[in-house]
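Reader: I have a structure open and no idea where to begin. Can we go through it together?
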Amino acid sequence: MNETAIKPRIEKVPLREQVLQKLPVLLVPILALLGLAAIGNPASWLTLTVAGLAMGMMIFIMASGLTVVFGLMDVINFGHGAFVTVGAFVGFTVLAWLAGWTASPSVMLNLAAVLIAILAAMGVTGLLGYAFERVIVMPVYGEHLKQILVTMGGLIVAQQMIHVVWGPDELHISRPEAFQGSVVFGEAAIEKYRLVAVAIGLALFLAMRHVLKNTKVGLLVRAGVENGEMVEALGYRIRRLFLIVFMTGSALAGLGGVMWGLYQETITAHMGSEIMVLVFIVVIIGGLGSVEGCFIGALLVGLLANYTAFLAPKVALISTIALMVVILMWRPQGLYPVVKAK
Amino acid sequence: MSDILLSLAGVHTLIGPYHILQGVDLVVPEGGVTVLLGRNGAGKTTTLRTIMGLWSASQGEIRFDDHLITTLDTPDISRRGIAYVPEDMGIFTDLTVAENMALAASSGPIDGKRLSWIKELFPPIGTFWEASAGTLSGGQKQMLSVARAIIEPRRLILIDEPTKGLAPAIINAMTEALRELKQTDTTILLVEQNFAMASAIGDTVAVMDDGRIIHSAPMSELVEDEGLQERLMGLSLEAHQ
Amino acid sequence: MLTRLLSGDTPRSGLLTLLLVAVLISLAFAPFLFPGTKSLETAARICIFIVLVASYDLLLGYSGIVSFAHTMFFGIGAYGTALALSTSGPSYWSLTWGTLAGAFVAAVFALAIGLFSLRVKAIFFAMVTLAVASAFAVFVSQMSWLTGGEDGLNYKIPRELTPAFKLVNDKVFGVRINGKLLAYYLVFFASLTLFLVMLRIVNSPFGRTLKAVRDNAFRAEAIGYKVVWYRTTATVLSAVMAALAGSLLAIWLRYTGPATTLSMEIMIDILLMVVIGGMGTLYGAVLGATLFILAQTYLQNLMGVAAEATSAVPLVSTLVAPERWLLWLGVLFILSVYFFPSGIVGRLRAGRA
């Protein structure tokens, strides 16, 4: 074996490129600083920033499944919003049953009630995801046009079924005692629930990263995103992997639904489709298929939406669209373009 | 060397509207290296992909070890002991070399003894074990791709043009490695346009043109018979003469 | 003559021809055949939606592009006319410039979105249009000083088009010949013209190239067609047609609001009409829109009866309740995408062969 023939070829990446690679991560603090400059008052800024991060985390939870599913199988589920709504309704129903626990001053009982609600919601939406994948998505693999139409049809049916099961009216619920009220930092009042949402979102992001980086399933997902054929040629059933990812994504959307519902304290059958607008923006900004991009995109959208809601409430949603346009002009495939072999 | 490991009988493959394989009959004996020659577009890659189940045969039969595998899914075909090294190498560039190898060992953890043998065959695998596979050079990626295919004992390895675009020194290294692999119980079906390499390690040879096998013989016969060489070369090796 | 009017694109099926003629005659003589305010409203809605759905099919069926911004263009047209009429008075002049301005703005928007996002995948365009259209709808309802917000705009149209204007004092065949009737015929003939124009477009060399691009964008690009240009042009044309349909609605209703023009519900209705009628054929839009709107108007009554009949069975009665008709349409929609992607028209044409 001729050793000299094989020269190491790990090039030093030039500094400029290194900075450019890191830039998407830096966008979040940059936006936060711009927000501070525009708002002026540090106390309001802090409140808005936490609110923005909380909103971003919840959107991330809902969007992550969608983006991984796309990366892995080139499938975009326009009915993803249905899982958000169903999750919220199931969660609210469970919380209503456990009204005694949520109203109790015991933090443990409060937490237990929320946990049970979340588990129920995730269980139901995970199973719904199974049905959705088998019945709606599976017959139309590889056909984008039909995929969009059929998953949209699935959304219509799911929304109507919510009306059938839960009735036409919106539901209200109060957050459990432990999550009500605010914490005061100096002059800034920060709702406790927002901190909880940030914590859950962050924990989930870290857990997801851990799974993707350090477990075999995670490796398979990452490998599958890049080259699904090769994963099959190595002997793995990518369809089963995809089903698992689809169900997990649906369950996460359900979790996001419960969290969003507790945030708003009101839910409607249309909440899913409304949030999907933000979810799509986030997924596009991040780069279709990228979990990191989705996370950063979600934080950017959350922060921007809250800052503009304070500064110029009428253009809040338009501003997120503008953000999307700006990012796509800079990087047409999103912040973290996903490498696809083909 | 006489038992038949893989056989294709009258295999047709359509890709969209294009009729690529038009009745391929191919026999791969157990042990040794079978080389598939042919000019670009003759259907060599399609043959490998059809065997692997990545494209499905519309007609004909593929038998592996006396079992019909024509309609099996790719993962099942793989699990019967067939590994595939595609033309584009199929490296997961987002993963490290170690992770690429870990995924390739699909039936369990990597066997340490086998891994050190592979690292001897392909030293860069050891050197860049923790590096991201995307940062490897073309030759190193090719080595990783072959290394992945042999991390677990396989009955048959399908290799698609392992020397394409590589420097001569690396081609030599690759040839050596395949020669050593031959010493194990592994059968190799090799698509190759580099006749020097093909003749150096090939035992039998099949020549493809227009989606059919037009000639198959022991390699020694082809190497000796200049007339035959010229006739087939004209057809199959015009790119590499 | 007739074939030329149809740009050589005849229905090619006896039953289909029969149905189309029936729709045409019913719409042409609607005020006389089906007297009454409700049926005239329904007929006008059908005319307008035929144009709207056909213009959407220009994208979905002929170009293979899924857009969720079609109601946005529809709304831009409607608001253009509405704003012109409410700001500069009920004259034909303001009606004209409002309509043209609406169509122009829609074209500019479509051009921007098309150039921006049609380079990438179909899925990308679908997501971008969904986001943009939703944001636009929210934006319009928040600009209440201009658009009237959620309440929308009420305005006057030229007097000759209102019921107050009497053309003939006596009834003709029992029908009052007033401005409302004129307005209906304005809607009817405008819709018919727009439909024939679109039929011309899809049967022109441009339309055929569009289909080639849809079937194999890669190949079309290789042959030398600028795929992005064709797709963007189709998007712009479709947007202008939608805007004109919006203007017709604005004139007919004398009211423009988010619920009648911009809402996601209408977008979904359009999708259902195109798919059920048949993608890739403008006649599908005629049947899809007609059946859908008839069902929307009259089937719900039928379902009400069914719900009452089954009121003893709890779940069934909820499922057949009139408000749940969209549920069944959704199911029908999914089934048609799977099994009859060419819709009713495709079925009828296949049945003939």
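Author: Let's begin with chain C, keeping in mind that this is a predicted model. A compact globule of 353 residues would have a radius of gyration near 20 Å, and chain C has 21 Å, so the two agree.

Reader: ok, and what does the C-alpha trace of chain C span along its principal axes?
Author: About 65 × 55 × 50 Å.

Reader: How much of chain C counts as buried?
Author: Of its 353 residues, 49% count as buried.

Reader: what secondary structure does chain C have?
Author: Chain C has 18 helices and four strands.

Reader: And the contacts inside chain C, what share join residues at least 24 apart?
Author: That share is 72%, counted among contacts between residues at least 6 apart in sequence.

Reader: Switching topic. Which chains have the most contacts between them?
Author: Two pairs of chains touch, and the most contacts are between chains A and C.

Reader: how many residues is that on each side?
Author: On chain A, 29 residues are in contact with chain C, which contributes 33 residues.

Reader: Which elements of chain A give two or more residues there?
Author: Those are helix 6 (144-166), helix 10 (271-286) and helix 12 (316-330) of chain A. Helix 6 of chain A supplies the largest share, 15 residues.

Reader: and what classes of residue are on that side of chain A?
Author: The side of chain A that touches chain C has 21 nonpolar residues, six polar and two charged.

Reader: Where does that leave chain B and chain C?
Author: No contact joins chain B and chain C. Their closest C-alpha atoms are 11 Å apart.

Reader: ok, chain B itself then. What domains does it have?
Author: The domain assignment gives domain 1 (4-81 + 154-236) and domain 2 (93-153) of chain B. Taken over C-alpha atoms, the centres of domain 1 and domain 2 of chain B are separated by 24 Å.

Reader: how many residues does each domain put into the contact?
Author: Domain 1 of chain B puts in 13 residues and domain 2 of chain B puts in 10 residues.

Reader: Which elements matter on the domain 1 side, counting those that give two or more residues?
Author: Strand 7 (156-160) and helix 7 (168-183) of chain B. Helix 7 of chain B gives the most, with five residues.

Reader: last one. What is the class breakdown on that side?
Author: The side of domain 1 of chain B that touches domain 2 of chain B has nine nonpolar, two polar and two charged residues.

Definitions and conventions:
Residues are numbered from 1 along each chain as its sequence is written. Chains are lettered from A and ligands numbered from 1 in the order in which they are written. This is a predicted model: local features need pLDDT of at least 70, side-chain atom pairs count only at pLDDT 80 or more; totals for chains, interfaces and linings use all residues. Two residues are in contact if their C-beta atoms, placed from the backbone, lie within 7 Å. Ala, Val, Leu, Ile, Met, Phe, Trp, Tyr, Cys and Pro count as nonpolar, Asp, Glu, Lys and Arg as charged, and the others, Gly among them, as polar. Domain bounds come from an automatic or database domain assignment. The radius of gyration is taken over C-alpha atoms; the globule rule is 2.2 Å times the number of residues to the power 0.38. A residue is buried if 20 or more other C-beta atoms lie within 10 Å of its own, exposed if 12 or fewer, and partly exposed in between; C-beta atoms are placed from the backbone.
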